[in-house]
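Q: Could we go through this model together? I would like to start with the overall picture and then turn to individual residues.

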Amino acid sequence: MEKKIAVYICSGCGIGDALDIDALSKVASKEYKADICKSDAFLCGKNGLELIKKDIAEEGVNTVVVAGCSSRVNTDVFNFGSDKIVERVNLREQVAWSHTGDDEDTQMLAEDYVRMSLAKLKNLNIPEPFIGENLSSTVLVIGGGFTGLTAALESARAGYKTVLVEKEAVLGGYVGKMYKQVPMKPPFTELEENSIPALIKAAEDAGVKVYTSAVIAKTAGGPGMFDVTIAQNGTDIEERVGAIVLATGAKPYEPEKLGHLGFGKYGNVITQSMFEEMVAAGKMEANKVAFIQCAGSRDQEHLPYCSAACCIESIKQALYVKEKNEEANVYVYYKDIRSNGQYEHFYKRAQQEGVIFIKGDVTDISESDGQLTIEADDHTMGTKSEADEFDLVVLANGMVPTAALGDLVEQEAEEEAAAASDEPKATVPPVVKSNLLNLEYRQGPELPALKYGFPDSHYICFPYETRRTGIYAAGVVRAPMDMLSAVEDATGAALKAIQCIESTIKGEAVHPRSGDMSFPEFNMNRCTQCKRCTEECPFGAINEDAKGNPLPNPTRCRRCGTCMGACPERIISFKNYSVPMIGNMVKAVEVPEEADEKPRILIFACENDAIPALDMAGINHIQYNPWVRIIPVRCLGSLNLVWVNDAMAKGFDGVMLLGCKHGDDYQCHFMKGSELAEIRLSKISETLNRLGLESERVRATTVNIMDYDKIPAMLDDFAAELEELGPNPMKDFQ
Amino acid sequence: MEQTNKLPEKVKYDLKFAREIYSLENGSYIKQCMQCGMCAISCATRDIMDYSPRRLFNLIKLGKKDEVMQANTFWYCTSCCTCLVRCPRGVPLVDVMHDLKKYALDNGYGDYPQAAFYKAFWAEVAGRGKSFEGGITARYFLFRGLDEVLKYMALRDVGINMLKHRRLPLLPPKKVKDLGNLKKIIRKARELSGKEAR
């Protein structure tokens, strides 16, 4: 496309007072030969927009550069259709509002930003969406328990063809075997009838296609085009589905490991699920029952996490005993009663019914004449305690996600890793061969396990979302939870699956870059088959073909650009985001000579948290260092080291990477972008030394959106350190 | 906070006493105490109590009758109601404390001076419909014995000053009109007190 570029400079919102608009116009029209350059005092107003639209209609402008507010605001206002490129120059939040007005340095900053944007346009093109062939909008739900049935029902009711696969012969799962279930509606004090039969009927009525006694033998493809092989009674059935909800639930923790609580030793020490079956069968006769909470959960020796539902289930079971015999003695030994949310009312109800709650650790269980004695440390009273003549002891043995059951998949690339062992590597999450999805993905057959084997991806921003696009985990396979949360989870995951299907049909990315039409393009004839892109893609979007070349699956891609940052040959680029594009931006900055004593610091800032934080600083009119030049990146994972090289060669005195927090409680929206960036950065000292530079000139820092007030000090500290190092010796050689 | 109470080495849960307390007018509210400790940190007289209200409730749950009944906790409750407004579970602690006082008196655990004062005040008001300081004092000493009188002689300056300022009348006031009806009211209230307030 032949670009006809028009630059519109807004002088409203204080920009006109802080900057010399005429000088800015000269940069655009004289230096960069923009076809049209105009300014307006209120560009987002009626007249301002009219001005732009008139030029588009009459002059054939197809590339609009709006120099004014941040690209995070007014996106709807400055949208001139999908066939026009719109580029935003942030003169408001990042210049006029955060730097001294009417000042030489501020003016230079604004001019550099205009240059950078115009330089970026040189290689930028309108993305053409990838539309897969024969796309399916069927939702596949794996697991026919409470969560799976709810998810299937919700997606069927939303008008999507739904397929449900259950490995047992009957639907219902764990909840299906229950005598009664915990309250699901106000006042949250009454036991409810088991809802599974009603759910099964509703799902059937809604037209859900059910496969029982069936497992997923193979999952290939990507969102919109998953080809799933369902193995049922020795026959294989092929289904093409658009998105998958994984609701395979959890298994009770193995009680055999709880010998210290008497399981296996005494016949009347049983587990929650055994008690449930006993009551459902009408065989429960006990009148003095003890429930022991956290039997396995919150125990470093067993399950380190809270299983979240056992407290409420035990309260429910205690009420079974009271329901049968009001005079029965029921004791609950607990660490903390975790009756989240509205279930506090349920806990109170049990107390009112006379269930005795003892905060204490059980130290010993002994038996005589078929009756049990429990010794414990009563923490409320600070004494030892003893209670005897129990007919029955019920252990709340917690839950283990089905995704964590199985052997670890051996990391295939071990030889390669050995060869490159001196290089630091990003931590690869383990994949457990749990036989739930059997993915045909290069990165392993199942979802990567995060903490404690749960396959969640981003606890804060995207629950349900896993690290495999289009596959959404819901219910207790994702995280331990009670039934009320499971309903929410099932519904949420069904909606996410639908959103994924709809986005894929339009060729758009799912979140966080929702609506992004771009996707990575590979210049294969220069590929060296180093496999870094296939290894580092956080979403397993890149497989490998028979010849060992990367085989991208565009519908799995979330457009973070991690592959682009990883590629040493720089053969991966997006139509609107590429290595040369950012390189041009770096090179477009005018770096003053050493004698001018105007240092320059280049900042690569993540668009998810760092850029909003910088904008927040501007909105709050917090002033920061005028030597910085900020380049937004999709994720620090897309940072290609050549940019740092370019910056150093250009004469920048320092480079700073602003990314998200990484580690166990990471904040990165693309899982490990900032971690990867830091790892890549650790390799750069060699490059810097080759240039005769100190590696301290480049640094990575983590910020989150709330750190906006700390950013000025961060920048000033870095500037002060750079001053000590002295100016970049490359400065005057460009 | 240092625990001023004396706890048994090992406890066994005895539900008989607990059930007896639960059957008091407001006793069943004790069941819904979740041991958060809000009452304890709110209590103005917590420092001189044997057990904080929370611990007292827990002792009831354990069935420690002697410890509960011999505790000074409910006698030191000033009915300031701070715990009551703060209790997240809505336990009416002040009413529970009143119930415990009555239960203690009825069961012969009235050794605390406050118990004698309660009895003296009540006898005076029930008999006359009004309080008479002289009568209350006399009854109090009657309940507590001669030793207490000698102890209180040290306070005679205060007594004389109060007399001078007519704050301690020597003669009892007139009874309220229609004392018979008041007694009926009291009788009815006694009947109802056995039933739960809820």
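A: The answers below begin with chain A as a whole and then take up local features.

Q: Is this predicted or experimental?
A: This is a predicted model.

Q: How many helices and strands are there in chain A?
A: Chain A contains 21 helices and 33 strands.

Q: And what box do the C-alpha atoms of chain A fill?
A: Taken along the principal axes, the box is roughly 95 × 60 × 60 Å.

Q: What share of chain A is buried?
A: Of the 734 residues in chain A, 59% are buried. The accessible surface of the chain comes to about 29,300 Å², and carbon and sulfur atoms account for 48% of that area.

Q: What about contacts in chain A between residues 24 or more positions apart?
A: Among contacts in chain A with a separation of 6 or more, 70% are between residues at least 24 positions apart.

Q: Turning to charge, how many positive and negative side chains does chain A have?
A: Chain A carries 75 positive and 109 negative side chains. The centres of the two sets lie 5 Å apart.

Q: Which residues form the negative surface patch?
A: The patch is formed by E593(A), E594(A), D596(A), E597(A), E723(A), E724(A) and D732(A).

Q: Take E597(A) from that list. Where is it, and is it buried or exposed?
A: E597(A) sits in the loop between α16 (579-588) and β30 (601-606) of chain A. E597(A) counts as exposed because its relative accessible area is 66%, and the cut-off for that class is over 50%.

Q: Is there a nonpolar patch to set beside it, and which residues make it?
A: Y152(B), L155(B), V158(B) and M162(B) make a nonpolar surface patch of about 330 Å². M162(B) belongs to helix α11 (residues 156-164) of chain B. With a relative accessible area of 32%, M162(B) is partly exposed.

Q: Back to chain A. Where is A719(A), and what does it touch?
A: A719(A) is in helix α21, residues 711-725. Leaving aside neighbours within four places in sequence, A719(A) is in contact with I601(A) and N625(A). In sequence, A719(A) and N625(A) are 94 residues apart, while their C-alpha atoms are 8.2 Å apart in space.

Q: Why does A719(A) count as buried?
A: A719(A) counts as buried because its relative accessibility is 14%, and the class takes in values under 20%.

Q: L725(A) is in α21 too. Is it buried, partly exposed or exposed?
A: L725(A), which also lies in helix α21 of chain A, is partly exposed at 27% relative accessibility.

Q: Which residues does L725(A) touch, and how far is it from K348(A)?
A: Not counting residues up to four places away in sequence, L725(A) touches E694(A), E696(A) and R697(A). L725(A) and K348(A) are 377 residues apart in sequence and 65 Å apart in space, C-alpha to C-alpha.

Q: Another helix, then: how many residues of α18 are buried?
A: Helix α18 (residues 641-650) of chain A is mostly covered, with seven of its ten residues buried. These are V642(A), W643(A), V644(A), D646(A), A647(A), M648(A) and K650(A).

Q: What follows α18(A)?
A: G651(A) follows α18(A), and its phi is positive, near 110 degrees.

Q: Which residues have a positive phi without being glycine?
A: D102(A) has a positive phi of about 55 degrees although it is not a glycine, and C294(A) likewise has a positive phi of about 55 degrees. Such cases stand out because most residues other than glycine have a negative phi.

Q: Where are those two, and are they buried or exposed?
A: D102(A) is in the loop between α4 (92-96) and α5 (104-121), and is exposed at 69% relative accessible area. C294(A) is in the loop between β16 (288-292) and α10 (310-324), and is buried at 14%.

Q: Last topic: which peptide bonds are cis?
A: The bond from P186(A) to P187(A) is cis, with omega near 5 degrees, and the bond from H511(A) to P512(A) is cis with omega near 0 degrees. P187(A) lies in the loop between β7 (180-181) and β8 (192-193), while P512(A) lies in the loop between α13 (483-506) and β26 (521-522).

Definitions and conventions. Residues are numbered from 1 along each chain as its sequence is written. Chains are lettered from A and ligands numbered from 1 in the order in which they are written. This is a predicted model: local features need pLDDT of at least 70, side-chain atom pairs count only at pLDDT 80 or more; totals for chains, interfaces and linings use all residues. Side-chain values use heavy atoms; hydrogens and water are left out. Patches are made of residues with over 30% relative accessible area and no salt bridge: like charges are joined within 9 Å, nonpolar side chains (Val, Leu, Ile, Met, Phe, Trp, Tyr) within 5 Å. Accessible areas come from the Shrake-Rupley method with a 1.4 Å probe; for residues, only the protein chains shown count as cover. A salt bridge is a side-chain nitrogen of Lys or Arg within 4 Å of a carboxyl oxygen of Asp or Glu. Lys and Arg count as positive and Asp and Glu as negative; His and the chain ends are not counted. The place of a charge is taken as NZ of Lys, CZ of Arg, CG of Asp or CD of Glu. Helices (H or I, at least four residues) and strands (E, at least two) are DSSP runs, numbered from the N terminus. Buried means under 20% relative accessible area, exposed over 50%, partly exposed in between (1.4 Å probe, protein chains only). Contact means heavy atoms within 4.5 Å.
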